[in-house]
Amino acid sequence: MLILNKYAAIDIGSNAIRLLITTIIEESGKPVRFKKTSLVRVPIRLGEDVFTNGFISSVNITRMQDTMKAFKLLMKTHGVKVYKACATSAMREAVNTKKILNKIRESSGIDIEVIDGQLEAILIASTNLKEYIQPDKTYLYVDVGGGSTEFSIIHDELTVATKSFKIGTIRLLRGLVEQDRWMELEQWIKRYISNREKVQVIGTGGNINKLHKIANINDNDPLSYSTLKALYNQLDALTYEERIVKLGLNPDRSDVILPAAKLFIKFLNWSGAKDIYVPKSGLSDGMIRELYKRKKLPF
């Protein structure tokens with residue numbers, strides 16, 4: 001017997017808003033499969049507003065409303081059975097978040113849950129990592145966003161620690177990350193991995209996915225430290241415009257990819273790992289898996 005259902009996740013981040021639609025395939029006698037059916041990304045940079053001014057502008061509120069209405073129609077046409085919408089760093093900090101949530105609910109019927117950094121890290125770590133995880137290793141699982149970066153320490157196939165730090169690509173572009181925060185992050189990473197051997201980094205997020213693609217290596221192969229450092233130097237030598245023209249980057253990716261590369265270089269240095277595995281999953285994948293486990297809203 002074969003059962004097919006479509007679930008969806010809306011991830012409202014600091015750099016972009018994403019709709020992921022996944023077909024969940026249940027077949028008698030076989031493990032459940034999660035097949036990505038559609039991914040739509042709208043580059044509404046909420047973090048530019050919030051991290052600079054403390055609130056989301058009226059222009060971007062209107063863009064969010066239009067995006068949510070479009071996503072609602074897309075989910076309807078795809079026949080989505082269950083969905084969830086979550087907002088992260090920018091919406092956590094905006095002073096007009098409550099007003100925005102009400103406006104979106106009224107205009108699209110979509111209820112958005114603003115989740116804290118800890119839950120965000122837990123959901124990201126709930127994605128399927130079986131092909132990357134080995135019982136004799138320790139993993140630093142990192143998801144770099146525009147406003148925050150979420151970390152999980154995985155050892156013997158169990159998550160032993162999770163934490164969210166207000167260090168993200170948009171904050172870095174605007175010079176909004178203080179030295180104390182860097183020190184806190186470095187100490188946190190080293191506290192959990194200093195006495196462990198065979199540390200491996202797993203990276204998720206749009207920027208590491210793009211870096212992996214630019215490197216032109218096989219999907220399941222890791223991105224080495226030397227390759228990542230060479231990519232950083234290549235990107236740093238180009239202007240914003242040249243990254244768009246010569247590398248084919250989207251305008252909203254061309255600026256944030258450089259600080260993202262710098263972040264991952266730091267994480268490799270602090271952890272002592274030699275390379276990064278890039279599983280092409282993230283918060284929206286974790287949200288769908290959590291929805292499937294619970295089979296109902298909300299979680």
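**Note on helix α12 and its surroundings**

1. Ring pairs join F151, F165, W182, W188, Y192, F264, F267 and W270 into a cluster. The model under review is a predicted one, and the points below start from this cluster and then turn to helix α12, which holds F267.

2. A search over the whole structure returns 9 aromatic pairs. In the pair of F151 and F267, the ring centres are 5.2 Å apart and the planes stand at 85°, so the arrangement is edge-to-face. This pair connects distant parts of the chain, since F151 belongs to strand β7 and F267 to helix α12, 116 residues apart. F151 has a relative accessibility of 0% and counts as buried; F267, at 1%, counts as buried too.

3. F267 also pairs with W270, and here the geometry is tilted, with 6.3 Å from centre to centre and 55° between the planes. Because F267 and W270 are 3 residues apart in helix α12, about one helical turn separates them. An α-helix has 3.6 residues a turn, so residues three or four places apart point the same way. Both F267 and W270 are buried.

4. How many residues of α12 are buried? The number is 12 of the 15, so the helix is largely enclosed by the rest of the structure. Among the buried residues are I257, L258, P259, A260 and A261 towards the start of the list, and W270 and S271 at its end. From its first C-alpha to its last, α12 reaches 21 Å, close to the 21 Å expected at 1.5 Å a residue. The residue that follows α12 is G272, which has a positive phi, near 80°.

5. The largest nonpolar core has 37 residues, and those touching the most other members are F151, I189, L211, L228 and F267. Elements that give two or more residues to this core are the strands β6, β7, β8 and β9 and the helices α7, α8, α9 and α12. Which element gives the largest share? That element is α12, with 9 residues. Apart from this core lies another, of 29 residues, including A8, I17, V50 and I170. As a general background, nonpolar side chains in soluble globular proteins tend to be buried together.

6. L228 shows how the core is put together around one residue. Leaving aside neighbours within four places in sequence, L228 is in contact with L211, L223, A261, F264, I265, L268 and I276. Of these partners, A261, F264, I265 and L268 are among the buried residues of α12.

7. D255 lies in the loop between α11 (251-254) and α12 (257-271). Is D255 buried or exposed? Its relative accessibility is 16%, and because the cut-off for buried is under 20%, D255 counts as buried. Beyond its neighbours within four places in sequence, D255 is in contact with R45, L173, Y240 and R243. With R45 there is a side-chain polar contact of 2.7 Å. D255 and L268, 13 residues apart in sequence, are 22 Å apart in space, C-alpha to C-alpha.

8. Two placements of a charged residue over a ring complete the note. K163 lies over the face of F165, 5.4 Å from the ring centre, and F165 is also a member of the aromatic cluster. The charged end of R171 sits over the ring of F51, 4.0 Å from its centre.

Key
Residues are numbered from 1 along each chain as its sequence is written. This is a predicted model: local features need pLDDT of at least 70, side-chain atom pairs count only at pLDDT 80 or more; totals for chains, interfaces and linings use all residues. Side-chain values use heavy atoms; hydrogens and water are left out. Helices (H or I, at least four residues) and strands (E, at least two) are DSSP runs, numbered from the N terminus. Buried means under 20% relative accessible area, exposed over 50%, partly exposed in between (1.4 Å probe, protein chains only). Contact means heavy atoms within 4.5 Å. A polar contact is a pair of N or O atoms within 3.5 Å; within protein, one must be able to donate a hydrogen and the other to accept it, and residues adjacent in sequence count only if both atoms are side-chain atoms. The expected span of a helix is 1.5 Å times one less than its number of residues. A nonpolar core is a set of buried Ala, Val, Leu, Ile, Met, Phe, Trp, Tyr and Cys residues joined through side-chain atoms within 4.5 Å. Rings of Phe, Tyr and Trp (its six-membered ring) pair if their centres lie within 6.5 Å; planes under 30 degrees apart count as stacked, over 60 as edge-to-face and the rest as tilted. A charge sits over a ring if NZ of Lys or CZ of Arg is within 6 Å of the ring centre and within 35 degrees of the ring normal.
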